[in-house]
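Here is a short report on one protein chain. It starts with a cut-off, then moves from the whole chain to single residues.

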Amino acid sequence: VKNSFFVNTTNAGCGVLNVTVDGPSKATVTSQEHDEGYAFFYTPTVPGIYEITIKYGGNFHISGSPFRVEVTGTPRSEVTDSRSEDRQSNVTLETVGKTMTGVSASAELENHCSGSHPELVTCQGLGLKYAERDRLNCFNVDASQAGNDVLLIGICGPKQASEEVVVKHLSNNQYTVSYRVFQSGKHFLVIKWGDQDIPGSPFVIDIP
């Protein structure tokens with residue numbers, strides 16, 4: 001059975017795309033160029049665990065690579081004790097730069113995030129009202145009822161923006177946020193769901 005996956009190279013620039021499929025049998029691998037990247041098709045002949053390695057721009061793995069795939073079904077060929085290099089299939093492509101224009105990207109994001117309700121985002125935690133210098137301060141954001149959009153957070157101090165803000169997605173649009181500040185004085189904590197402030201934003205934090 002022919003299996004497939006897609007590598008999206010939009011806005012990644014041009015470079016060498018290298019795909020290797022390694023497993024119990026040598027799989028036939030082909031590729032096809034699309035507007036946003038490259039589709040790959042592979043056909044293993046023996047069930048088992050296969051490893052798909054994807055590198056871009058040299059010897060750099062993309063996020064998640066190597067991928068492990070479990071292939072099931074009836075073998076189409078006998079398993080032999082061939083050398084490991086004889087069971088590897090490799091495709092190397094010299095890619096061209098693929099970009100998404102600002103207009104189309106904005107339109108796609110707007111369509112993707114339709115039904116956004118920033119007024120339904122809620123926050124709680126001490127870090128919304130009080131913070132200590134040079135220490136980790138935290139709060140939680142719950143956007144589970146606010147539709148699909150992007151969470152944006154920034155902290156502006158008396159002289160400069162905070163350089164350390166960490167947002168961790170837990171599940172179902174619920175987040176934990178931690179930050180450090182290094183200045184005394186009034187800080188403004190801005191929280192947006194998409195391009196709209198959530199209720200209470202910007203939050204004012206006066207740091208002694």
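A residue counts as exposed when its relative accessible area is over 50%, as buried when that area is under 20%, and as partly exposed in between. Asparagine 172 has 52% relative accessibility, so it counts as exposed. The model is predicted, and the values below are computed from it.

## The chain as a whole

The chain has 208 residues, and buried residues make up 34% of them. Its secondary structure comprises 1 helix and 15 strands. Contacts often span the sequence: of those with a separation of 6 or more, 68% are between residues 24 or more positions apart. The accessible surface comes to about 12,600 Å². Carbon and sulfur atoms hold 50% of that surface.

## Two nonpolar cores

The largest nonpolar core has 20 residues. Val121, Phe139, Val141, Tyr179, Leu189, Ile191 and Trp193 touch the most other members. Several strands feed this core: E9, E10, E12 (174-180), E13 (185-193) and E15 (203-207) each supply at least two residues. A second, separate core has 18 residues, including Phe5, Ala27, Val29 and Ile52.

Which residues does isoleucine 191 contact, leaving aside its neighbours within four places in sequence? The list includes Cys123, Leu128, Phe139, Leu151, Leu152 and Ile153. It also includes Gln196, Asp197, Ile198, Ser201 and Phe203.

## Charged residues

By the rule used here, the count is 1 salt bridge. Its partners are glutamate 132 and arginine 135, whose closest N and O atoms are 3.2 Å apart. Glutamate 132 is partly exposed, with a relative accessible area of 29%. Arginine 135 is exposed, at 52%.

Two charged residues are buried without a salt bridge. The table sets them side by side.

| Buried residue | Nearest side chain of opposite charge | Distance |
|---|---|---|
| Aspartate 149 | Lysine 192 | 11 Å |
| Lysine 55 | Glutamate 51 | 9.2 Å |

Why does neither residue have a salt bridge with the side chain listed beside it? A salt bridge needs a side-chain nitrogen of Lys or Arg within 4 Å of a carboxyl oxygen of Asp or Glu. Lysine 192 is 11 Å from aspartate 149, so that pair does not qualify. Glutamate 51 is 9.2 Å from lysine 55, so that pair does not qualify either.

Aspartate 149 lies in the loop between strand E9 (137-142) and strand E10 (151-156). Its side chain makes a polar contact with the side chain of serine 116, at 2.7 Å.

Lysine 55 is found in strand E5 (residues 48-56). Leaving aside neighbours within four places in sequence, lysine 55 is in contact with Val16, Leu17, Asn18, Phe60 and His61.

## Proline 24

Where is proline 24? It lies in the loop between strand E2 (16-22) and strand E3 (28-34). Proline 24 is partly exposed, with a relative accessible area of 25%. Isoleucine 49 is 25 residues away along the chain, yet the two C-alpha atoms are separated by 7.3 Å. Isoleucine 49 is also one of the contacts of proline 24 beyond four places in sequence. The others are Val46, Pro47, Gly48, Tyr50 and Arg87.

## Backbone exceptions

Most residues other than glycine have a negative phi, and most peptide bonds are trans. Four places in the loops deserve a look against that background.

A cis peptide bond joins serine 65 and proline 66, with omega about 0°. Proline 66 lies in the loop between E5 and strand E6 (67-71). The peptide bond from serine 201 to proline 202 is also cis, and its omega is near 5°. Proline 202 sits in the loop between strand E14 (196-197) and E15. Serine 201 also appears among the contacts of isoleucine 191.

Aspartate 134 is not a glycine, yet has a positive phi of about 60°. Its place is in the loop between strand E8 (122-124) and E9. Aspartate 134 counts as partly exposed, at 48% relative accessibility.

Asparagine 172 is not a glycine either, and has a positive phi of about 50°. This residue lies in the loop between strand E11 (164-171) and E12.

Note on methods
Residues are numbered from 1 along each chain as its sequence is written. This is a predicted model: local features need pLDDT of at least 70, side-chain atom pairs count only at pLDDT 80 or more; totals for chains, interfaces and linings use all residues. Side-chain values use heavy atoms; hydrogens and water are left out. Helices (H or I, at least four residues) and strands (E, at least two) are DSSP runs, numbered from the N terminus. Buried means under 20% relative accessible area, exposed over 50%, partly exposed in between (1.4 Å probe, protein chains only). Lys and Arg count as positive and Asp and Glu as negative; His and the chain ends are not counted. A polar contact is a pair of N or O atoms within 3.5 Å; within protein, one must be able to donate a hydrogen and the other to accept it, and residues adjacent in sequence count only if both atoms are side-chain atoms. Contact means heavy atoms within 4.5 Å. Accessible areas come from the Shrake-Rupley method with a 1.4 Å probe; for residues, only the protein chains shown count as cover. A nonpolar core is a set of buried Ala, Val, Leu, Ile, Met, Phe, Trp, Tyr and Cys residues joined through side-chain atoms within 4.5 Å.
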